[in-house]
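Subject: Structure handover

Hello,

Here is the structure I promised to pass on. Please open it first, then read my notes below.

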Amino acid sequence: MKTDFPEYACDYSKRLASVSAAFAKQVYDPKSSRGGADDEVEKYGPDPFGELTHASKCFGLKQRFKDRVLIMTSDRCFMNCRHCTRRGLLGKAQVVRTRSQLDACVDYVRARPEVRDVLLSGGDILTLSDKEVMRFVDAFAALEQIDIVRVCTRALCTNPGRVTDKLAKALSKSGKVWVNTQFNCADELTAEAREAAAKLINRGIPVSCQSVLLKGVNDSAPKMIKLLKALSAARIRPYYVFMCDPVAGIGRFRVPVEKAREIERRAAESLGGLSLPRFVADIPGARRKTPI
Ligand code: SF4
């Protein structure tokens, strides 16, 4: 299945790609596979988690799990990661832009007291202005039932200058914000990236990392251990390492599960618990992230 997901990277990401082959693999398609098919997962199509259909509960709000919802805040990112799960959706997804659309999402959550965790995702929410970001954060943080407002952004890796002191201060105010990000190789933990993380952490905002296991990027124990050590040194909690999702067009990044298990085993033998993420797969229809 072909997907329409053009290469795009902001200046910072382009600079990083010019000095890191592992990062460049996430930015550029190899010439041989441009626009290529991925027969292995054609059965899933571009929307394996039903984000355009059954998981979509009201305009711009997705719910797959009982205690949490995901809000589509933006359909843009600082780069179009070649392994992106939503590569078939960005540009087509419903994005919450108006006050009434946001109010409808808040009403949906308020009517379901079991929801305690809101993911502000996309796309990358930090492509929005500070004012727009805080409009989302404040709307959900104000609900008593909400314990966690997750700001889901790869900006710490792809455009760390976006994380300013002013933004960190605003995000810290409710005491409910957690930042979830994505680093996939140690090269990405640049001085700028570490500084961006420190701005948030020093304000009391937990920063966690969800990496993706990617062939040619981090698919060996030494590379993965180097990444996990670099994250810990930056005080970023490694949280999950995901197997590639069953979406079309990313077959060249897939790592066999046996190899993933071996990497996990060697990481566990080398690192303490605080540096050790859970290796999981997100399987359509499963009620949890599935340990490998
Ligand atoms: S930042 Fe996230 S949503 Fe955006 S392209 Fe990369 S993986 Fe996809």
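In which loop is the place of Gly 123? Gly 123 sits in the loop between E4 and helix H4 (130-141). Please keep in mind that this is a predicted model.

Gly 123 has two more entries in my notes. A cis peptide bond joins Gly 122 to Gly 123, with omega at about 15°. Most peptide bonds are trans. Gly 123 is also one of the residues around the ligand. The others are Cys 77, Asn 80, Cys 81, Cys 84, Arg 86, Asp 124 and Arg 154. By class, this shell has three nonpolar, two polar and three charged residues.

Now the sheet. It is open and has ten strands, with mixed pairing. The order is E1-E2-E3-E4-E5-E6-E7-E8-E9-E10. Strand E1 (56-58) and strand E10 (290-291) are the edge strands, and each pairs on one side only.

Start with strand E3 (residues 68-72). Four of its five residues are buried, so call E3 mostly covered. On one side, strand E2 (residues 61-65) runs antiparallel to E3, and three bridges join them. Phe 65 has Arg 68 in E3 as its bridge partner. E2 and E3 form a hairpin, with two residues between them.

E3 also pairs with strand E4 (residues 117-121). These two run parallel and are joined by five bridges. Here Arg 68 appears again: its bridge partner in E4 is Asp 117. Together, E3, helix H3 (residues 99-110) and E4 make a right-handed β-α-β unit.

What are the residues with the most contacts inside the largest nonpolar core? They are Ile 71, Val 118, Leu 120 and Leu 231, in a core of 77 residues. In soluble globular proteins, nonpolar side chains tend to be buried together. Take Ile 71 as an example. Leaving aside residues up to four places away in sequence, Ile 71 touches Gly 60, Leu 61, Val 96, Cys 105, Val 118, Leu 119, Leu 120, Ser 121 and Phe 136.

Next, look at strand E6 (residues 177-181). Why is E6 largely enclosed by the rest of the structure? Because five of its five residues are buried. A residue is called buried if 20 or more other C-beta atoms lie within 10 Å of its own. In a regular strand the side chains alternate between the two faces of the sheet. In E6, both faces are covered. Val 177, Val 179 and Thr 181 are buried on one side, and Trp 178 and Asn 180 are buried on the other.

E6 has parallel neighbours. Four bridges join strand E5 (residues 148-152) to E6, and the two run parallel. Cys 152 stands opposite Asn 180 in E6. Strand E7 (residues 207-212) pairs with E6 over three bridges, also in the parallel sense. Thr 181 has Cys 209 as its bridge partner in E7. E6, helix H7 (residues 191-201) and E7 make a right-handed β-α-β unit.

E7 then goes on to strand E8 (residues 237-242). Five bridges join them, and they run parallel. One bridge pair is Ser 208 with Arg 237 in E8.

Last, check Arg 235. Arg 235 lies in the loop between helix H8 (221-233) and E8. Its phi is near 65°, a positive value in a residue other than glycine. Most residues other than glycine have a negative phi. Arg 235 has 15 C-beta neighbours inside 10 Å, so it counts as partly exposed.

Best wishes

Key:
Residues are numbered from 1 along each chain as its sequence is written. This is a predicted model: local features need pLDDT of at least 70, side-chain atom pairs count only at pLDDT 80 or more; totals for chains, interfaces and linings use all residues. A residue is near a molecule or strand if its C-beta atom, placed from the backbone, lies within 6 Å of it. Ala, Val, Leu, Ile, Met, Phe, Trp, Tyr, Cys and Pro count as nonpolar, Asp, Glu, Lys and Arg as charged, and the others, Gly among them, as polar. A residue is buried if 20 or more other C-beta atoms lie within 10 Å of its own, exposed if 12 or fewer, and partly exposed in between; C-beta atoms are placed from the backbone. Two strands pair if DSSP finds at least two bridges between them. A crossover is right-handed if, with the strands pointing away from the viewer, the path from the first strand over the helix to the second runs clockwise. A nonpolar core is a set of buried Ala, Val, Leu, Ile, Met, Phe, Trp, Tyr and Cys residues joined through C-beta atoms within 7 Å. Two residues are in contact if their C-beta atoms, placed from the backbone, lie within 7 Å.
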